[in-house]
Amino acid sequence: MALSELEEFDPAHLTPEQAQALAASDLRGAVGWMVLGVAVLVASLRMDRLESQHINPYTVPGLLPALLGIAMIVLAALLGVRSWQRGGGVKNGPRMKLNAAVLRRLALVIALVLVYAVGLVGHGVPFWLASALYVSISIIVLQRPQRIEAGRSLSWRDVAFAVAVGVGSGVVITYVFQDLFLVRLP
Amino acid sequence: MFSGLADLGQAYVGFLNPTSIALGLGGALLGIIVGILPGLSATLVIALLTTLTIKLPPSNAILVLICSYVGALYGGSRTAILLNIPGTAANAASCADGYALAQRGEAGRAIGIATSGAFTGTLFGVICLAAFTPSLAEVALSFGAYEFFWLALFGVTMSGTIVGNDPLKGWLMGALGLFVAQIGQEGLYAYDRFTFGWDELSGGFSLIPALVGAFGLAEILTTLADPAEKKLVELKDSVLPRFREVFQYWRTVLRSGVIGVLTGLLPGVGEDSGAWMSYAAAKATSKEKELFGKGSIDGLMAAETGDMASIPGHIIPCLALGIPGSAPSAVLMAAMIIHGIQPGPMMLIQHPHFVYEVVAMTSLATVTILIFGLFLVKPLLLILRIRRTVLMPVIFLLCTVGAFASASRLFDIYAMLVIGIGAFFLRRRGYQMAPFVLGLVLGPLLDKSLRRGLVLSDGSITPFFTRPISLAFAVVTIFAILLYVPAFKAAVRRVTGGAGAAARSLVRRRT
C-alpha cells in the first residue's frame, strides 16, 4: 500500500499505517545517514594532519569533522533502531510514495528550474531574456494541465498573458537590481 | 545610562529623513506581501533583500531588513485568518482562532486584533532589546573558547530539540549543517577540507544561497507539486487595530510579551515557539478556555503578541553573542557581517552605537506595520488572488538573483539548487531546516572554539566542564539530549512528579 508523501499529516497523531510508512522511510534514511557519517569519519581520519608544518596536534583540521561523523553514526543508529522497533523493516508494509501525477509535475518543475539556472543563466544569454523565457514557458507548461482539468484548452490569450508576465518580470527585475540598486546579475 | 539615552535619541534622529523612511516603509511592505503568501517565509524575504540592499549604506540596509522581518511575520497573520493557512510558520498558532472569527464574519476584527497584538508585542520586545543587549554583551565579554564551544553546541541542540516533532531528526539536521559549514577552507591554517580538489568548493557554502534554497526553492517545489488554490474568506467588517482589547487582555499581552522575548533568547528556537508557548500559557490561565480554537480573542492576541515579541528577542543574542535566535535572524546576522559589522560581544566596543541603531530600526518597523495595518489591508490581500503557477516562477527568478548577487559566483546558484531540492525531499520526511541553518551558521564558531580551547588547555577537556558558564551550558545541552533516552526521561518524570506532589501536599496542608 502506498501513502501519498504530500498528504498532510500531523506527526503527533499518526494512524498506525502512516506511522509504519514513516518508519520504513526513516529506516532507509538511517542507512543513508550512516553511510554519510562513516564517509565523513573516514575522510576526516585520512585528512592531512599538517605534521610538516609542526602544528599543535590538537588543532588538526579533521578534529571536528571526525566528531561530527561519529555523532551522525550514533544518531543514525538510534534512528535505525527506532524505525525497526516501529515496524519499518516489515516486508510489503505501507510505504510513503509520491503519486504519479505529483511526481510528473515535480519532475517537470525541477527540469524547468535546472534548464534555466544551469543551462541559461551565466552562459552568455542576457539575464532578462533567459528569465523571460523561463517564466513564460513555466507558466504555460504548468497551467496547461489545470486548464485541461477545468475542461478547456490553453487559449492564445493565456499564452500572451504568460509571455507578458515573463518579459515584464525579466525586464523589471533586471532594471531594479542592476540599474536601481546596482547589484550585479548573472 | 544618560549617554545610552542620548545615543538612542541620536539613532532615532538619524533615521528621520525621507530616504530612510521610504526604505523602511518599502521593506515592511515587501515583508508583508511575502508574509501574506503562504510558504514564503521571513527568512526568504530577508535573504533576497540582503542582496538588493548590498550597495546601500549599512544603517539603511539593515533598516530595510528589520522592517521586512517584522512585516513578514505580521503579514502572515492575515493568511492565517482568511485562509486558515499560516503565512509564515510563526502564524500557525493564529490559524484556529483567527479563521474561526473570520468564518463568523469578524475577519476585520481578527486582523485588527492581530495588528494591535503585533504592535504591542514588538514594542515590548524593543524595550527588552534596548534594556538587555548591552548587559548581555558585557557578560559575554568574559566568554572564552570553552563558553563559545558550548554555546554553539547548545544552540544547535536546542534548535533540534524544539523545532519540529522529532528531536532525533532535528539533531541529525543540526549535525549536517555543522558538517556542511566545515566544507571549504578552514580558518586556522587555510587548509581545504572536503573540497576534493574542486576550487569552487574552497569558498565553502555561503549562508544566503543555502537559505534561499532551503526556504525558497524547496517551497516553490512544494507549492507547484500540488498547486491547489484555496478560497479566501470575505472581509466585510472594519480592520482598524483594536487597542481597547489590548487593555482588556493586558495580562495576556504582558505574559505573551515576556514568553516571546524569552523564547527569542534561546538560540535557534524560532518565532513559532514564541507563538505556541504564549498560546498554551494563555489557554492554561484563561477564563474562556472552551473558546480556544473556536474564535478566542485571548488566544489570537496571545499568539500574535508572542511571535512578534520574539523578533527583538531573537535579535538580542544575535547582537550580544553573535548567536542568532532564529533562521531570519541568522540572515540578519549574515547581512550585518556583509556590511562590516561583526555581531558579538566585541560589537559594543567596535560599534558602540549600533545596538541603539537597531533599537531605533525595530521601533520604526513597529510603526510601519501599524501604518500598513491602518491602510492598505484590502489592496494587499489582492496578492493572494494571483495564481501560484504565475507567482512561483517569478519568485524563482528572485531566488536565482538572491543566490548569485552576494558573491557573484555561479557556484552559489548551483549550491542553492542542490540544497533546495535536497530540502524539499528531507522536509517531506519530517526533517526541519532550522537546525540545519543554525548548524551552518555556528559551524565555524564551534570548530574554532574547540581547537582554540584544546590548545589553551594543552589537550585537556576539563576546562570545558569546570568553568561555571561552560558547565551550565554543558549541563543543559547534555540534559536536553539525555531526555531523549526513555529510561532517563522516566527517571526525571519520577523526580519532578515526586517533587510536584510534595509541593502540592505542602500547599494543601498550609491552606
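In the predicted model, Arg104(B) is partly exposed, its relative accessible area being 48%. The side chain of Arg104(B) takes part in a salt bridge with Glu106(B), in which the closest N and O atoms lie 3.2 Å apart. Elsewhere, salt bridges with shared partners connect Asp26(A), Arg82(A), Asp166(B) and Lys169(B) in one network. Over all chains, the number of salt bridges comes to 13.

Within that network, Arg82(A) and Asp166(B) are joined through their side chains by a salt bridge with an N to O distance of 2.6 Å. This pair joins two chains, because Arg82(A) belongs to helix H2 (residues 63–85) of chain A, whereas Asp166(B) is placed in the loop between helix H7 (145–162) and helix H8 (167–182) of chain B. Both Arg82(A) and Asp166(B) are buried.

A further salt bridge is formed in chain A between Asp158(A) and Arg147(A), with 3.0 Å between the closest N and O atoms. The two residues are 11 residues apart and link distant parts of the chain, Asp158(A) being located in helix H5 (residues 156–180) and Arg147(A) in helix H4 (residues 127–149) of chain A. Asp158(A) has a relative accessible area of 12% and is therefore buried, since the cut-off for this class is under 20%. Arg147(A) likewise counts as buried, at a relative accessibility of 12%. In general, side chains that carry opposite charge can pair when their charged atoms come close.

Methods. Residues are numbered from 1 along each chain as its sequence is written. Chains are lettered from A and ligands numbered from 1 in the order in which they are written. This is a predicted model: local features need pLDDT of at least 70, side-chain atom pairs count only at pLDDT 80 or more; totals for chains, interfaces and linings use all residues. Side-chain values use heavy atoms; hydrogens and water are left out. A salt bridge is a side-chain nitrogen of Lys or Arg within 4 Å of a carboxyl oxygen of Asp or Glu. Helices (H or I, at least four residues) and strands (E, at least two) are DSSP runs, numbered from the N terminus. Buried means under 20% relative accessible area, exposed over 50%, partly exposed in between (1.4 Å probe, protein chains only).
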